[in-house]
Amino acid sequence: MHRGRGAEREADRPENSGSERALSPELEATAEEIKAAKKAEQEDAERALYASAPKKAHPCEGYVRLDQVGEGTYGQVFKARAENTGVLVALKKIRMESEKDGFPITALREIKILQALRHPNVVRLHEMMVSKASVYMIFEYLEHDLNGVLANPAIEFKLQHIKSLAKQMLEGLEYLHKKGILHRDLKGSNLLVNSNGLLKLADFGLARLYAKRRGEDHTNRVITLWYRPLELLYGATQYGAEVDMWGAGAIFLELFARKPIFQGNDEIHQIQCITDILGPFTSERWADVDELPWFGLIQSAAPEVNGNGQKCGSAEENLARFRRVFSKWLSPAALDLALDLLHYDPQGRATAAEALASPYFTEEEPPPQIPIEVFREVQGEWHELESRKARRKRAAAAEAAIQNANEHSTNTNMNNNNGASVPGPGGASVGQVMVAVGDRDAASSIQWTDAAAVPLPLVVPPSAPRPDDLPSVGRD
Ligand SMILES: Nc1ncnc2c1ncn2[C@@H]1O[C@H](COP(=O)(O)OP(=O)(O)OP(=O)(O)O)[C@@H](O)[C@H]1O
Ligand SMILES: [Mg+2]
């Protein structure tokens with residue numbers, strides 16, 4: 001973590017300005033009491049919400065399959081209703097076709113890990129079910145995932161809601177890491193949210209136990225590219241909970257920007273996207289970086305100029321620029337936290353416990369508030385699958401519009417005897433449509449300068465390759 005920033009934070013906070021210091025001790029005490037009462041009220045409300053978690057269906061009762069809500073690497077996910085109790089569940093069908101050697105080992109690992117977990121911010125696996133030669137994992141049902149929620153402009157969060165979602169994600173991670181479990185596939189579509197605004201970590205397909213004392217080799221081909229930390233991109237095979245914390249940092253920024261921040265096309269481009277935003281890593285920011293296996297090999301991907309061809313300055317200049325660009329969304333304490341989570345050197349990266357103890361959660365106003373009233377208003381259910389479908393529909397409409405416009409302009413030109421270009425009625429809109437189509441396909445990340453003000457395109461990130469599918473570096 002960046003140390004020694006405390007003094008700067010103290011000076012920045014409005015409650016420490018001269019005028020507020022003039023409050024009488026009595027008034028200060030009253031303000032403290034009000035703050036404490038508000039906090040207690042919020043905690044009571046949270047406890048009540050957590051206690052109202054959906055009930056479990058009776059073991060082994062039948063389920064009526066409703067809609068499909070997910071299509072993952074590992075199988076389809078369906079919404080279903082328990083026949084007797086009416087409880088909603090999610091059925092995750094385990095894909096067996098390609099398994100010559102019996103039950104897939106990754107699914108076995110996922111089940112074993114999930115059975116050992118019980119936390120309000122971790123999805124509950126109720127039971128397993130075999131039906132018509134298919135095996136299903138039966139989960140509590142959550143109406144949305146973060147990817148679907150953030151892609152829906154009708155769902156608007158206030159700062160206190162974002163703080164609550166971030167807190168819930170970090171509480172889930174803190175619990176996992178205490179139990180010695182790495183998630184290794186943190187991303188919006190793996191963070192489920194229910195209609196009470198409770199967030200839960202899901203998809204433990206890449207999770208595994210890790211030894212906190214290190215020395216153990218794991219594969220570095222994990223974590224969906226956009227959320228993968230630099231040490232894995234540089235081939236590290238000995239790692240711990242910090243790999244999840246980088247992803248938490250990327251998602252934290254995404255909660256504000258509502259779009260993924262580092263949208264690389266491949267590993268090299270991913271490094272470029274990260275350094276374009278956070279600046280190059282120098283030995284001052286990451287002392288042992290040159291010890292990473294692929295450092296020499298792909299060093300050229302981290303040049304001293306950014307993607308816009310501008311020369312990158314010192315670490316301080318880069319971090320100051322990051323703060324300037326992102327201060328349109330993030331408060332000073334939120335910026336501090338983002339930078340602590342996105343610390344290049346994994347040894348200095350904030351742990352989940354440190355992040356939860358940061359001034360962003362403990363001191364800065366407003367306090368976190370579960371976005372229950374936001375979700376009460378939400379029409380429909382929003383998973384990545386729905387947002388992906390909506391995106392495809394928009395893309396098809398845009399392509400049809402281009403085709404229409406092209407046909408129209410061909411006709412116009414044919415009718416225009418002197419052949420001079422006449423901006424037909426479609427002329428202006430072609431450019432606009434082109435932008436829409438370009439947006440769909442673009443996987444560019446935020447660039448330094450003012451481009452950061454432009455809303456980022458939302459595209460589906462290249463999924464984390466499953467360890468079984470890839471030649472692995474290091475043992476899994
Ligand atoms: N318990 C649940 N309640 C509601 N929806 C769920 C639940 N579990 C999963 N989903 C939906 O199904 C999608 C796919 O599920 P999951 O991530 O577990 O599968 P996967 O095959 O491992 O996915 P991927 O490989 O794409 O990450 C999720 O992104 C989510 O939208
Ligand atoms: Mg998933």
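The following exercises, each with a worked solution, concern a predicted model of a protein.

**Exercise 1. The protein as a whole**

Task: State how many helices and strands the protein has, and what share of its residues is buried.

Solution. Begin with the secondary structure: the protein contains 17 helices and ten strands. Next, consider burial: of the 476 residues, 37% are buried. Finally, consider how the chain contacts itself. Among contacts with a separation of 6 or more, 70% are between residues 24 or more positions apart.

**Exercise 2. Surroundings of ligand 1**

Task: Determine which residues come nearest to ligand 1, and which strands and domains supply its shell.

Solution. The shell holds 24 residues, of which Gly70, Gly72, Thr73, Ala90 and Asp203 come nearest to the ligand. Sorted by class, the shell comprises ten nonpolar, nine polar and five charged residues. Turning to the strands, β1 (63-71), β3 and β5 (134-140) each contribute at least two residues. As for the domains, at least three shell residues come from each of domain 1 (63-140) and domain 2 (144-382).

**Exercise 3. An annotated lysine**

Task: Locate Lys92 and decide whether this residue is buried or exposed.

Solution. First, consult the record: an unreviewed UniProt entry carries the annotation "binding site" for Lys92. Second, find the element: Lys92 belongs to strand β3, which spans residues 88-94. Third, apply the cut-off for burial, which is 20 or more other C-beta atoms within 10 Å. Lys92 has 25 C-beta neighbours inside 10 Å and therefore counts as buried. Fourth, list the contacts: with neighbours within four places in sequence set aside, Lys92 is in contact with Gly75, Val77, Tyr136, Met137 and Phe139.

**Exercise 4. The largest nonpolar core**

Task: Identify the residues that touch the most other members of the largest nonpolar core, and the helix that gives the most to this core.

Solution. As background, nonpolar side chains in soluble globular proteins tend to be buried together. Here the largest nonpolar core has 90 residues, and Met169, Ala248, Phe252, Ala338 and Leu341 touch the most other members. Helix α8 (residues 242-257) gives the most to this core, namely nine residues. Domain 1 (63-140) and domain 2 (144-382) each provide at least three residues of this core. Met169 may be followed further: apart from residues up to four places away in sequence, Met169 touches Leu191, Leu199, Ala248 and Ile251.

**Exercise 5. An enclosed helix**

Task: Explain why helix α12 is described as largely enclosed by the rest of the structure.

Solution. Helix α12 covers residues 332-341, and eight of its ten residues are buried, so this helix is largely enclosed by the rest of the structure. The buried residues are Ala333, Ala334, Asp336, Leu337, Ala338, Leu339, Asp340 and Leu341. Two of these names, Ala338 and Leu341, also appear among the core residues that touch the most other members.

**Exercise 6. Backbone exceptions**

Task: Describe the backbone geometry at Arg184, at Ile223 and between Glu365 and Pro366.

Solution. Recall the general expectation: most residues other than glycine have a negative phi, and most peptide bonds are trans. Arg184, although not a glycine, has a positive phi of about 65°. Arg184 sits in the loop between β7 (181-182) and β8 (191-193), and is buried because 27 C-beta neighbours lie inside 10 Å. Ile223 likewise is not a glycine and has a positive phi, of about 75°. Ile223 is placed in the loop between β10 (208-209) and α7 (230-233), and is buried because it has 24 C-beta neighbours inside 10 Å. Lastly, the peptide bond joining Glu365 and Pro366 is cis, with omega about -5°. Pro366 is in the loop between α14 (359-362) and α15 (372-377).

**Exercise 7. Contacts across the sequence**

Task: State how far the C-alpha atom of Asn147 is from that of Gly188, and that of Ile274 from that of Leu230.

Solution. Start with Asn147, a residue of helix α5 (residues 146-150). Asn147 is 41 residues from Gly188 along the chain, yet their C-alpha atoms are separated by 4.4 Å. Beyond neighbours within four places in sequence, the contacts of Asn147 are Gly188, Ser189, Glu384 and Ser387. Continue with Ile274, found in helix α9 (residues 267-278). Ile274 is 44 residues from Leu230 in sequence, and the C-alpha to C-alpha distance is 8.3 Å. With neighbours within four places in sequence left aside, Ile274 is in contact with Leu230 and Phe262.

Definitions and conventions. Residues are numbered from 1 along each chain as its sequence is written. Chains are lettered from A and ligands numbered from 1 in the order in which they are written. This is a predicted model: local features need pLDDT of at least 70, side-chain atom pairs count only at pLDDT 80 or more; totals for chains, interfaces and linings use all residues. UniProt positions are given in the numbering used here, feature names are shortened, and annotations may be inferred rather than shown by experiment. Helices (H or I, at least four residues) and strands (E, at least two) are DSSP runs, numbered from the N terminus. A residue is buried if 20 or more other C-beta atoms lie within 10 Å of its own, exposed if 12 or fewer, and partly exposed in between; C-beta atoms are placed from the backbone. Two residues are in contact if their C-beta atoms, placed from the backbone, lie within 7 Å. A nonpolar core is a set of buried Ala, Val, Leu, Ile, Met, Phe, Trp, Tyr and Cys residues joined through C-beta atoms within 7 Å. Domain bounds come from an automatic or database domain assignment. A residue is near a molecule or strand if its C-beta atom, placed from the backbone, lies within 6 Å of it. Ala, Val, Leu, Ile, Met, Phe, Trp, Tyr, Cys and Pro count as nonpolar, Asp, Glu, Lys and Arg as charged, and the others, Gly among them, as polar.
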